[in-house]
Each structure stands twice: as C-alpha cells, then as structure tokens.
Amino acid sequence: MPAQDPPFADDLSGLYAEHSTWLQGWLRRRMGDTFAAADLAQDTFLSLLDRKTAAEQIREPRPFLATVANRLLAHRHRRQLLETAYLEAIACLPEETAPSPETQLMAVQSLQEIDRVLDGLPPKVREAFLLAHLAELSYAEIAQRLEVSASSVKQYLTRANRECLFAMAF
C-alpha cells in the first residue's frame with residue numbers, strides 16, 4: 001500500500017505552484033545567484049513541509065514566504081561566517097599542526113550543528129552559553145549582564161550544554 005501524502009502537502013503543492021517562480025526571482029534579485037536562489041526557494045518550501053505548515057492558514061503567501069526565505073538566508077550567511085572564521089583560524093596554524101581536511105570538515109559541520117541548536121534556544125539561554133564559552137565570563141558576570149540570578153544562569157547553561165551535547169551525539 002503506497003504511503004499517503006499528509007493532508008497539508010496538497011495545499012503546499014498548490015502554494016508552490018503559485019509562488020515558487022516569484023520566490024526564486026525575489027531571491028535571485030537579493031542574492032545575485034540563480035542557482036543559490038533556486039536552492040533557497042526549495043529550502044523555503046521544504047521548511048514549510050518540515051513544520052507541517054498548512055497553506056490555507058497562510059493569509060499573505062508572498063510576505064510569509066519572503067520572511068521564511070529571509071530567515072533561511074540569514075542562517076546560511078551565519079553558517080558561512082562560522083566556516084570562514086574557522087578556516088581563517090586554521091590557516092594561521094603551522095602546517096604541521098593544522099588538522100587534516102577531514103578533521104576540518106568535521107569541525108565545520110559540528111560548528112554548524114551547534115549554531116543550529118543555539119538558534120533554537122531562547123535568547124537568554126543562547127547568550128548565556130556564548131558568554132560562558134566564548135567570553136569566558138563567570139556565572140556572576142553573566143547574571144549581571146543578563147539581569148538574572150546566578151541560579152538562572154546555571155539553569156540556562158545546563159539547558160544549552162545539554163542541547164548541544166545531544167545534538168552532537170546523534
């Protein structure tokens with residue numbers, strides 16, 4: 001027995017048929033790259049499918065699609081910045097201590113996964129994680145910056161560390 005498409009998939013295919021060409025053109029003008037725009041347009045519709053977004057609930061399709069695409073574009077840009085920063089840091093190492101290309105790829109993929117996980121966390125949890133791990137601030141310093149208690153910082157860091165650990169385990 002063939003698998004049935006979810007009920008929202010039919011609506012989404014109509015949304016795709018009606019707006020995909022417009023979205024690709026809109027992205028092409030923003031990005032200046034036809035192929036990257038086509039990929040991002042596909043990713044936009046895939047994200048709606050992943051979220052099980054029902055097309056009939058979308059009142060203004062073009063602004064909605066543009067918002068989703070903008071978010072994906074920002075994520076892509078942030079991932080590229082992470083990768084560039086890592087590769088620039090690696091380039092500064094003496095050749096004999098530089099990691100192999102395979103290790104570099106694994107590190108970039110790990111950084112991107114951590115970035116994805118952090119993006120899904122509440123802002124204060126994400127900021128606490130970054131302040132602790134990148135700025136190396138103490139719980140008290142983080143608490144002062146975030147205007148929360150040190151016990152809240154501990155809870156934030158426990159959550160963020162756990163989420164990152166689980167993501168890296170799978």
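A residue is called buried when its relative accessible area is under 20%, exposed when that area is over 50%, and partly exposed in between (1.4 Å probe, protein chains only). By that yardstick Asp 115, at 14% relative accessibility, is buried.

Before going further, a word on the model: this is a prediction, in which local features need pLDDT of at least 70, side-chain atom pairs count only at pLDDT 80 or more, and totals for chains, interfaces and linings use all residues. Residues are numbered from 1 along each chain as its sequence is written, and side-chain values use heavy atoms, with hydrogens and water left out.

Let's turn to the charged side chains. A salt bridge here is a side-chain nitrogen of Lys or Arg within 4 Å of a carboxyl oxygen of Asp or Glu, and the whole structure holds 4 of them. One of these joins buried Asp 115 to Arg 78, with 2.7 Å between the closest N and O atoms. The two partners lie 37 residues apart, Arg 78 in helix 3 (residues 61-91) and Asp 115 in helix 4 (residues 101-119); helices (H or I, at least four residues) are DSSP runs numbered from the N terminus.

Arg 78 itself is partly exposed, at 28%. Its side chain also meets that of Asp 119 in a salt bridge (3.5 Å, N to O), again linking helix 3 with helix 4, this time across 41 residues. Asp 119 is partly exposed too, with a relative accessible area of 33%.

Within helix 4, Arg 116 pairs with Glu 113, their closest N and O atoms being 2.5 Å apart. These two are separated by about one helical turn, because they are 3 residues apart in that helix. Glu 113 is partly exposed at 24%. Shared partners, meanwhile, join Arg 78, Asp 115 and Asp 119 into one salt-bridge network.
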